[in-house]
Amino acid sequence: MTGPFTAEVVAQVARHMNDDHAADSLLICRSLGGTPQATAARMTGLDADGIEFAATVAGVEVPVRVPFAYRLTERVQVRHEVVRMYQEACAQLGVTPRPAETR
């Protein structure tokens, strides 16, 4: 991974995504990640240009990379971009997004 994010930051973001937002990761992988048959997803990494997941498809984990809309330069941008992805995924899949205060 390259860019502004240390291994510690990536691990913290992954832990948060996997512990608190696994369902959001699955929606992102199903829609933006091109794996509509995925039954589970976990974040495995990120860099300035995108986020990476391991999605379970037909019982097998497959790598999924979803590019960010723009190159990130600061940690605070990660949250904003993942929320954008979640909202876009919900719109594509016809899922009502959770209220902002619960994200």
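Hi everyone. Let me start in the middle of things: the buried residues of helix 2 pack against helix 1, strand 1, strand 2, strand 3 and helix 3. What you have on screen is a predicted model, so please keep that in mind as we walk through it.

Let's stay with helix 2 for a moment. This helix is mostly covered, with 7 of its 10 residues buried. Which ones are they? They are Asp 24, Ser 25, Leu 26, Leu 27, Ile 28, Cys 29 and Ser 31.

I'd like you to find Asp 24 in that group. Asp 24 has a relative accessible area of 7% and counts as buried, because the cut-off is under 20%. Setting aside residues up to four places away in sequence, Asp 24 touches Tyr 86 and Arg 98.

Tyr 86 takes us over to helix 3, which covers residues 75-93. There are 19 residues in helix 3, and from first C-alpha to last it reaches 28 Å, close to the 27 Å expected at 1.5 Å a residue. Its buried residues are Gln 77, Val 78, Glu 81, Val 82, Val 83, Met 85, Tyr 86, Ala 89 and Cys 90. And what do those residues pack against? The partners are helix 1, helix 2, strand 1, strand 2 and strand 3. If you follow the chain just past the end of helix 3, you meet Gly 94, which takes a positive phi of about 70°.

Now for how the helices sit against each other. Two packed helices are described by the angle between their axes and the distance between the axes.

Take helix 2 and helix 3 to begin with. Their axes come within 9 Å and cross at roughly 60°. That angle makes helix 2 oblique to helix 3. The crossing is left-handed. On the helix 2 side, the contact is made by Asp 24, Leu 27, Ile 28, Arg 30 and Ser 31. On the helix 3 side, you'll see Val 82, Met 85, Tyr 86, Ala 89, Cys 90, Gln 92 and Leu 93. Sorted by class, this contact has 8 nonpolar, 2 polar and 2 charged residues.

Next, helix 1 and helix 3. Here the angle is about 30°, and the axes are 11 Å apart. Angles under 35 degrees count as roughly parallel, so that is how we describe helix 1 and helix 3. Helix 1 passes helix 3 in a right-handed crossing. Helix 1 brings Val 9, Gln 12, Val 13 and Met 17 to the contact, while helix 3 brings Arg 75, Val 78 and Val 82. By class, that contact divides into 5 nonpolar, 1 polar and 1 charged.

Let me finish with the loop between helix 2 and strand 1, where we find Thr 35 and also Gln 37. Is Thr 35 buried or exposed? With a relative accessible area of 12%, Thr 35 is buried. Leaving aside neighbours within four places in sequence, Thr 35 is in contact with Cys 29, Arg 30, Ala 55, Val 57, Val 62 and Val 64.

Gln 37, on the other hand, counts as exposed, at 59% relative accessibility. With neighbours within four places again left out, Gln 37 is in contact with Thr 56 and Val 57. To place it on your screen, look for Ala 69 too: Gln 37 and Ala 69 are 32 residues apart in sequence and 24 Å apart in space, C-alpha to C-alpha.

That's my tour, and thanks for listening!

Conventions: Residues are numbered from 1 along each chain as its sequence is written. This is a predicted model: local features need pLDDT of at least 70, side-chain atom pairs count only at pLDDT 80 or more; totals for chains, interfaces and linings use all residues. Side-chain values use heavy atoms; hydrogens and water are left out. Axes are lines fitted to C-alpha atoms, for helices over the stretch in contact, and angles run from 0 to 180 degrees between N-to-C directions. Helices (H or I, at least four residues) and strands (E, at least two) are DSSP runs, numbered from the N terminus. Angles under 35 degrees count as roughly parallel, over 145 as roughly antiparallel, 65 to 115 as roughly perpendicular and the rest as oblique. A crossing is left-handed if the near helix is turned anticlockwise from the far one by less than a right angle, and right-handed if clockwise. Contact means heavy atoms within 4.5 Å. Ala, Val, Leu, Ile, Met, Phe, Trp, Tyr, Cys and Pro count as nonpolar, Asp, Glu, Lys and Arg as charged, and the others, Gly among them, as polar. The expected span of a helix is 1.5 Å times one less than its number of residues. Buried means under 20% relative accessible area, exposed over 50%, partly exposed in between (1.4 Å probe, protein chains only).
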